Amino acid sequence: MNIPINQDIETAYRNEFVKGFSLYEFGFAFGGIVAIAFVTFIAWWKFGISPAVGVYMGFPFAIPFFFCGFYKPYGMLLPEYLKQRRYENKTCTLTYETDDLSDDGNIFSMKSNGSLTSCMVPVKKKKIEVTQKNDEKIL
């Protein structure tokens, strides 16, 4: 028996704007091409460099546009991903669930260690540091 299951709408039926690209991807690709054209024109106008060579000079300026338009970490667009990372760092709460649990319980604590970059502190190391401080107080 073959039962058809509906496909995921967001992955199977992409919103295509031009030639299979979404509006977001097309906008950044167009921005990259404009950056290449602008650098090529400036290289030709100011320095007299051939447009064939000027195009290659424009690629380093276009790479950030292409990267922002087509790189999708964890399936999210780059602005969404950066927004989630900023939220994580600001609130020190995870926006996802982990399935990495040991027999001892939680591996990480969400208490801040004073660092601006990370909120996660390994619990085992923290216990060792506390016992070392207590040993120093006793001596």
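1. Let's start with Thr40, which sits in helix H2. Keep in mind as you look at it that this is a predicted model. Thr40 has a relative accessible area of 11%, and it counts as buried because that value is under 20%.

2. What does the side chain of Thr40 do with its polar atom? One polar atom of that side chain lies 2.7 Å from the backbone oxygen of Ile36. Try finding this pair in the viewer: Ile36 is also one of the buried residues of H2.

3. Which residues does Thr40 touch, leaving aside those up to four places away in sequence? They are Pro51, Gly54 and Val55. This goes nicely with a wider pattern, as the buried residues of H2 pack against helix H3 (51–70).

4. Now step back to H2 as a whole. The helix has 25 residues and spans 35 Å between its first and last C-alpha, close to the 36 Å expected at 1.5 Å a residue. Its buried residues include Glu25, Gly31, Gly32 and Val39, as well as the alanines Ala29, Ala35 and Ala43. After H2 comes Gly48, with a positive phi near 70 degrees.

5. Finally, look ahead of H2, at the loop between helix H1 (9–12) and helix H2 (23–47), where you will find Val18. Is Val18 buried or exposed? Neither label fits: Val18 is partly exposed, because its relative accessible area of 30% falls between the cut-offs of 20% and 50%. Together with Phe17 and Leu23, Val18 makes a nonpolar patch on the surface, and the three share about 280 Å² of accessible area.

Terms used:
Residues are numbered from 1 along each chain as its sequence is written. This is a predicted model: local features need pLDDT of at least 70, side-chain atom pairs count only at pLDDT 80 or more; totals for chains, interfaces and linings use all residues. Side-chain values use heavy atoms; hydrogens and water are left out. Patches are made of residues with over 30% relative accessible area and no salt bridge: like charges are joined within 9 Å, nonpolar side chains (Val, Leu, Ile, Met, Phe, Trp, Tyr) within 5 Å. Accessible areas come from the Shrake-Rupley method with a 1.4 Å probe; for residues, only the protein chains shown count as cover. A salt bridge is a side-chain nitrogen of Lys or Arg within 4 Å of a carboxyl oxygen of Asp or Glu. Helices (H or I, at least four residues) and strands (E, at least two) are DSSP runs, numbered from the N terminus. Buried means under 20% relative accessible area, exposed over 50%, partly exposed in between (1.4 Å probe, protein chains only). The expected span of a helix is 1.5 Å times one less than its number of residues. Contact means heavy atoms within 4.5 Å. A polar contact is a pair of N or O atoms within 3.5 Å; within protein, one must be able to donate a hydrogen and the other to accept it, and residues adjacent in sequence count only if both atoms are side-chain atoms.
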